[in-house]
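Work through the three exercises below. Try each task before you read its solution.

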Amino acid sequence: MLFFLSHFSPKLPSSLSSSAAAASSLCHLRPKFPLYPSSFLKFLPRPRTTKRSFACRASTGGGGVVKMESSHLEVSASVDSVTRDLKNLETDGGDDGSKSFGNESRRKLGLQDLNWDHSFVRELPGDSRTDAIPREVLHACYTKVSPSAEVENPQLVAWSESLAQTLDLDPKEFERPDFPLFFSGASPLAGGVPYAQCYGGHQFGMWAGQLGDGRAITLGEILNSKSERWELQLKGAGKTPYSRFADGLAVLRSSIREFLCSEAMHFLGIPTTRALCLVTTGKYVTRDMFYDGNPKEEPGAIVCRVAQSFLRFGSYQIHATRGKEDLDIVRTLADYAIGHHFSHLENMSKSESLSFSTGDEDHSIVDLTSNKYAAWAVEVAERTASLVARWQGVGFTHGVLNTDNMSILGLTIDYGPFGFLDAFDPSYTPNTTDLPGRRYCFANQPDIGLWNIAQFASTLSEAKLIDDKEANYAMERYGTKFMDEYQAIMTKKLGLPKYNKQLISKLLNNLAVDKVDYTNFFRLLSNIKADPSIPDDELLVPLKAVLLDIGKERKEAWISWVQSYIQELASSGISDEQRKASMDSVNPKYVLRNYLCQSAIDAAELGDFSEVRRLLKIMERPYDEQPGMEKYARLPPAWAYRPGVCMLSCSS
């Protein structure tokens, strides 16, 4: 059985081919319940295990661990525990939101000392040509191509010392006068082997064919002192064979947004690609920002993105559309990903007892130990579901959830038009291109995640790596994992002793009716006291800063909700102080609102980079009060709702 698909189709498909077809109906989906995906619970299949050997754990977006009350979670988290138990990655979170590996000192490296290891180009088929002429690239996963953006006196705008530490890079390297030359592509990094990746994708539900890195050039992979593999990539570095009719460049405004949001998401505890540094090129780039026939020149820039892998769903899709020879590449690319990034799946054996009922009428069994590709598909589905649940928890809307923007590692990738919810609006989309159908609006993200998983599973099925039941089971797991994660996150955001569907549904309805600021509301909610004797006329005092201009009827609705909320809190026996500390650890005070980005962009375009750097420092501590920085948590000003600020096109 499938998850969200059952909400839109009266009959559940019995095979992957029909599953993918049914999934395509989500191109113009409209959620039955417009606020959040709680209504999907009644459609959610609960797979049954024939054996179970792992404990239940549901991780939250803040990096903590939540013990869930619902008994079904023991079953639904068992596959997820493959990642945790077999990889043995039960490490504590560091202060910066990253994994802590102890206090041992690391050797700090200069750029010339980086430990390069080019597994992608070494193990995968490459393009026989090395020119950047736009063309269809067949039978290859990449093309070797060097950065070619014109550069004139490049300047370092901002950098991430946190990421530099992860890479073992000495922070003093950022002070090198030639540093901007290396990270604008003007000077090659010794040891690098630059290339652009070939991939395809569905864009707005339609197959777009070959896409690829049209302006992103990977410099190569480095291994840090923990043997972690990290790819360094320059975005905006010039033309590649995948640039089509574009110039392969990027502008300062979009590069600032990507740099800041990559790091902001990391410190929120949400899986994401990272950003090491941002440089200006000293040249101008012509862009038609609103696609209205009024192009203008904007400052050019390049951001260095970093991830353990930039492989996307589309990296596999493109080869599945090109005949038998390229179908073999799907398997090769799957083996590469599993070997380097899911190596725990190589070591599974029957003793792990990972056999699951599909929930079909015939109670078929899927044994994940008998097919590593099926286990991989399930883990990709679960990582994706967990990622989307975390987005919903902090009110983040990606804006362009095409399959070429979906990471196989479950990372937030490709920051084009994005936005954090200000006034709570489930239909919010930050993408002007998305306005006609709002396919990628906030409320639709869980469904789109499943739709994309269906396309990924269809690709693996086409390559004969998984069968129909395994593909359907991966989609089942997406649904189960999403709801488990989402419930855990919302329960902790409200400081509740257990998940309360009715209370949370009513809250989200109230937020939508009154267009309440999402981030500030949850931050203030921790100030509610679990005291049923508080007079009605005082109940809303802790929330007065966000419940603005509400009439008598709406005030009564909020009082009623707060009364129910207090009753739930009072039953927990947790002190107000303890609950507040817990809630504040998962409800950020600071998120990267679009108007904050725009203020930094406006200053940077005039040559003042201080606001970009200040915003980075604030977003590195989103859960702290940060005295003196309160203005960065304020409600957006009126100008924040003008075009080009709250909503953007894909132009960059």
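**Exercise 1: a helix and its surroundings**

Task: In this predicted model, decide which residues of helix H9 are buried.

Solution. Step 1: go along the helix. Phe 313, Gly 314, Ser 315, Tyr 316, Gln 317, Ile 318, His 319 and Ala 320 are buried.

Step 2: draw the conclusion. Eight of the eight residues of H9 are buried, so the helix is largely enclosed by the rest of the structure.

Step 3: list what surrounds them. The buried residues pack against strands E5, E6 and E7 and against helices H10, H11 and H12.

**Exercise 2: positive phi**

Task: Place Arg 438 and Lys 515, then state how accessible Arg 438 and Lys 515 are.

Solution. Step 1: start with the backbone. Arg 438 is not a glycine, yet its phi is positive, near 50°. Lys 515, also no glycine, has a positive phi of about 50°.

Step 2: find the loops. Arg 438 sits in the loop between strand E15 and H12. Lys 515 sits in the loop between helices H14 and H15.

Step 3: check exposure. Partly exposed covers the range between under 20% (buried) and over 50% (exposed). Arg 438 has a relative accessible area of 31%, so Arg 438 is partly exposed. Lys 515, at 45%, is partly exposed too.

**Exercise 3: cysteines**

Task: How many disulfides does the whole structure hold?

Solution. Step 1: search the whole structure. The count is zero.

Step 2: test one cysteine. The cysteine sulfur nearest to Cys 597 is that of Cys 261, 6.7 Å away. A disulfide needs the sulfur atoms within 2.5 Å, so this pair does not qualify.

Step 3: check burial. Cys 597 is buried, at 0% relative accessibility. Cys 441 is buried as well, with a relative accessible area of 5%.

Conventions
Residues are numbered from 1 along each chain as its sequence is written. This is a predicted model: local features need pLDDT of at least 70, side-chain atom pairs count only at pLDDT 80 or more; totals for chains, interfaces and linings use all residues. Side-chain values use heavy atoms; hydrogens and water are left out. Buried means under 20% relative accessible area, exposed over 50%, partly exposed in between (1.4 Å probe, protein chains only). Helices (H or I, at least four residues) and strands (E, at least two) are DSSP runs, numbered from the N terminus. Contact means heavy atoms within 4.5 Å.
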